[in-house]
Structure formats: C-alpha cells, structure tokens
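Here are my notes, as promised. Have a look at the structure first, then go through the points in whatever order suits you.

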Amino acid sequence: MKGNMNQLMRQAQQMQSKLAKMQQELSNETAEGQAGGGMVTAVMNGKHQLLEIRLEKDVVDPEDIEMLQDLIVAAVNQASNNIQDKMNAEMSKVTGGMKIPGLF
C-alpha cells in the first residue's frame with residue numbers, strides 16, 4: 001500500500017513539474033484575433049497581455065469612431081479566445097484531458 005502511495009506522489013510531482021514547464025512555455029506563445037475582415041488585428045501572448053494592435057488605414061474614419069472601437073474590442077476578444085484555446089489544447093496533452101481546477 002505504501003509503495004502505491006509513493007508511486008502516486010511521484011507521478012503527481014512529475015505532472016506538476018510538466019505543468020510548470022508547459023505554463024512557462026505557453027506564456028511565450030502568441031495568438032491573433034481579427035475583426036472587420038482583417039482590418040483590425042490584435043496580438044496577445046500566453047499571459048493574456050495585448051502585444052500589438054494593427055489597423056488598416058481604411059478602417060480609421062473620424063466620423064465613425066464607435067465602429068473602430070467595436071472592431072478593436074472584437075479583435076482583442078478573439079485573440080484572447082484563440083490564446084486560451086491554444087493553452088487548453090497544450091495543457092490537455094499534459095493532463096491527459098483531465099480538467100484540473102485552477103489551471104487556465
């Protein structure tokens with residue numbers, strides 16, 4: 001019985017080590033989100049930090065700032081969803097598909 005417990009503890013420690021390494025690697029990943037047919041692009045990293053916003057000149061209309069604001073929000077939200085999906089897929093590889101509370 002004690003041998004099984006030690007083995008289980010070792011496996012848990014190995015998984016924890018793999019998860020920590022994966023989290024570090026994923027923090028360097030990036031994902032893009034686009035809106036307005038690519039007129040607005042947002043780039044976000046695995047820490048959910050916004051790294052870049054790219055705007056095509058044609059999307060900048062001083063008479064319609066609200067549309068530009070909406071497109072920026074949509075692009076940022078899509079980038080956030082894309083990086084989260086990427087992180088979930090990678091974490092699933094490490095955890096074997098188990099949902100572990102508190103991870104991403």
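1. Let's start with a side chain: is lysine 21 buried or exposed? Lysine 21 is exposed, with a relative accessible area of 54%; the cut-off for that label is over 50%. Bear in mind that this is a predicted model, so every value here is computed from predicted coordinates.

2. On confidence, the protein chain has an average pLDDT of 88, and 90% of the residues score at least 70. Helix 1 (residues 2–27) is where confidence is lowest, with a mean of 82, while strand 3 has the highest, at 98.

3. Now the sheet. Its 3 strands run in the order 1-2-3, and the sheet is open with antiparallel pairing. Strand 1 (30–35) and strand 3 (50–55) are the edge strands: each has a single partner strand, so one side of each has no neighbour in the sheet. From one strand to the next, the twist averages 15°.

4. Looking at one pairing in detail, strand 1 and strand 2 (residues 40–45) are joined by 6 bridges in the antiparallel sense. Alanine 35, for instance, has valine 40 in strand 2 as its bridge partner. Packed on the sheet is helix 2 (residues 65–95), which touches strand 1, strand 2 and strand 3. The direction of helix 2 makes about 145° with that of strand 1.

5. Back to charges. Side chains of opposite charge can pair when their charged atoms come close. The count here is 5 salt bridges, and one of them links lysine 21 with glutamate 25, with the closest N and O atoms 4.0 Å apart. The cut-off is within 4 Å, so I'd read that pair with the cut-off in mind. Both residues lie in helix 1, 4 residues apart, or about one turn of the helix. Glutamate 25 is partly exposed, at 42% relative accessible area.

6. Helix 2 has a salt bridge as well: glutamate 90 pairs with lysine 93, the closest N and O atoms being 3.1 Å apart. These two are 3 residues apart, again about one turn of the helix. How exposed is each partner? Glutamate 90 counts as partly exposed at 25% relative accessibility, and lysine 93 as exposed at 63%. Elsewhere, salt bridges with shared partners join Glu32, Glu52 and Arg54 into one network.

7. Within that network, the side chains of arginine 54 and glutamate 52 meet at 3.2 Å, N to O. Arginine 54 is partly exposed, with a relative accessible area of 33%, and glutamate 52 is also partly exposed, at 35%.

Terms used: Residues numbered from 1 in each chain as written. Predicted model: local features only at pLDDT ≥ 70, side-chain atom pairs only at ≥ 80, totals over all residues. Heavy atoms only, no water. Pairing = 2+ DSSP bridges. Axes fitted to C-alpha atoms, helices over the stretch in contact; angles between N-to-C directions. Contact = heavy atoms within 4.5 Å. pLDDT = per-residue confidence, 0-100. Buried < 20%, exposed > 50% of the residue type's maximum accessible area, 1.4 Å probe, protein only.
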